[in-house]
Amino acid sequence: MVMIPGGPGGGQGVTATASAQPASTQPARLAARRAARRRLYLPTFAVALFAAWLAWNGWRVLSQYGPISSIHSAQLELAGPSVVGFVLVVFIIEQIRPAERHAVLARGHVLDMTYLLAYALVVVPLIALIGSGFSAALARVAPWLVIPRIPAVPHWLFIAAAVVAIDAVDWLAHLGNHRINSLWRLHAVHHSQEELSILTTFRAHPLVHVSFLLSALPVLALSANNATPAVVLTVYACLGALPHANVRWNYGKAGSLLISPAYHRIHHSATGRLDINLGTVLTIWDRMSRRAVFPAPGMAAGKTGLAGRPVPVEQSAARPRLGRIFLTQWAEPFTTSEVSDQ
Ligand SMILES: [Zn+2]
Ligand SMILES: [Zn+2]
């Protein structure tokens, strides 16, 4: 005979004989299911559901123009030959004069190349869909956001205003990624890189882009004035990628205005979750919020990554197992873990 305790309220419990196998295994199964449910991190599922809803709306919006060609033009803008060519040139420069020497095919580089491939094939189409869904919802809810066309104002001024506004919104989203646990769970994978390089730009969880949808606000506001042509977004993407380069550049005097690799490396330093140096292209937002820490001249390149490796990383095991690490890094934010405490 075995005693099976009662429910949470205690109580009498029930008796069962050893031969009644199903009765004794059922509570064990229930407990296992409950434990599995406890291991799920529900905020990430909520973000995924929101992304799916936006993507569905985006698909319906884009179907007016031909969704496939719209997705293809987004791929050309954000992961086309100019972006990939730029990344390749910087990657070669990194091998010649690196801040920290790594093998060309270091595990961190190869995994980031996988991320680059996934970015071009999966993530950019996702960004195109959720971005269109979000912009359409915004335009429906707040049509007054769109500034009417003003021919008297020079076009370049609108472009400059758009870049500054996008950069401000990206800064705000990045701050949110560091301050809000559910967003940090998605952003932590970007910070897990211990062999930082220009390729690390693409090491990001696909759902992290939901928080950066805020940049659709200035794009929509200035849409009537054509302030964000594709070439501007491509240049902005390259300028935003360059600070990940494994070089010692601090841009000299321009480094007080523009985010340099030495400046962004401090943001990635291996001390954990640092809420400093959060800018993408301009330092102004960090300076205004007293979160700017500038590199000292001749400062040695510090280690990067997350202390205690709360996100599984490719450097931790004897064998690389890069495919498995890649999938684990994408799945990890859906489970509870100690990442939020870092
Ligand atoms: Zn960050
Ligand atoms: Zn970064």
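Leaving aside its neighbours within four places in sequence, which residues is Thr-228 in contact with? In this predicted model, Thr-228 touches Ala-162, Ile-166, Val-219 and Leu-233, once the neighbours within four places in sequence are set aside. The protein chain around this residue has 12 helices and two strands, and the briefing below moves from the chain as a whole to its two zinc ions, its helix pairs and finally back to Thr-228.

**The chain as a whole**

- Read from the N terminus on, the elements run β-β-α-α-α-α-α-α-α-α-α-α-α-α, with the two strands ahead of the 12 helices.
- The protein chain holds 342 residues, and 45% of them count as buried.
- If one takes the contacts between residues at least 6 apart in sequence, 74% of these join residues at least 24 apart.
- The accessible surface of the protein chain comes to about 17400 Å², and carbon and sulfur atoms account for 68% of this surface.

**The zinc ion (ligand 1)**

- Five histidines coordinate the zinc ion (ligand 1) through their NE2 atoms, namely His-174, His-178, His-187, His-191 and His-267, at 2.1 to 2.2 Å.
- Along the chain, the donors of the zinc ion (ligand 1) follow the spacing H-x3-H-x8-H-x3-H-x75-H.
- Because His-174 lies in helix 6 and His-187 in helix 7, this pair of donors ties together parts that are 13 residues apart in sequence.
- His-174 and His-187 are both buried.

**The zinc ion (ligand 2)**

- The zinc ion (ligand 2) is coordinated by the NE2 atoms of His-190, His-244, His-264 and His-268, again with distances of 2.1 to 2.2 Å.
- The donors of the zinc ion (ligand 2) are spaced along the chain as H-x53-H-x19-H-x3-H.
- The arrangement is irregular because the four donor atoms around the zinc ion (ligand 2) subtend angles of 88 to 173 degrees.
- Distant parts of the chain are linked by the pair His-190 and His-244, which are 54 residues apart: His-190 sits in helix 7 (residues 181-191), whereas His-244 sits in the loop between helix 9 (230-241) and helix 10 (261-267).
- His-190 and His-244 are both buried.
- The zinc ion (ligand 2) and the zinc ion (ligand 1) are separated by 5.6 Å.

**Two pairs of packed helices**

- Helix 6 (residues 155-179) packs against helix 7 at an angle of about 100 degrees, and their axes are 6 Å apart.
- With angles of 65 to 115 degrees counting as roughly perpendicular, helix 6 and helix 7 are therefore roughly perpendicular to each other.
- Where these two helices meet, His-174, Gly-176, Asn-177, His-178 and Arg-179 come from helix 6, while Asn-181, Leu-183, Trp-184, His-187 and His-191 come from helix 7.
- In the second pair, the axes of helix 2 (residues 42-62) and helix 5 (residues 107-141) come within 6 Å and cross at roughly 80 degrees, so helix 2 and helix 5 are also roughly perpendicular to each other.
- Among the residues that make this contact are Ala-51, Leu-54 and Trp-59 of helix 2, together with Ala-128, Ile-130 and Phe-134 of helix 5.

**Back to Thr-228**

- Thr-228 has its place in the loop between helix 8 (216-221) and helix 9.
- Thr-228 counts as buried because its relative accessibility is 18%, and the cut-off for this class is under 20%.

Conventions: Residues are numbered from 1 along each chain as its sequence is written. Chains are lettered from A and ligands numbered from 1 in the order in which they are written. This is a predicted model: local features need pLDDT of at least 70, side-chain atom pairs count only at pLDDT 80 or more; totals for chains, interfaces and linings use all residues. Side-chain values use heavy atoms; hydrogens and water are left out. Helices (H or I, at least four residues) and strands (E, at least two) are DSSP runs, numbered from the N terminus. Buried means under 20% relative accessible area, exposed over 50%, partly exposed in between (1.4 Å probe, protein chains only). Contact means heavy atoms within 4.5 Å. Accessible areas come from the Shrake-Rupley method with a 1.4 Å probe; for residues, only the protein chains shown count as cover. Donors are N, O and S atoms within 2.8 Å of the metal (3.2 Å for Na, K and Ca); water is not among the atoms, so sites may look incomplete. Four donors count as tetrahedral if all angles lie between 85 and 135 degrees; four count as square planar and six as octahedral if opposite donors are over 155 degrees apart and all others between 65 and 115; anything else is irregular. Axes are lines fitted to C-alpha atoms, for helices over the stretch in contact, and angles run from 0 to 180 degrees between N-to-C directions. Angles under 35 degrees count as roughly parallel, over 145 as roughly antiparallel, 65 to 115 as roughly perpendicular and the rest as oblique.
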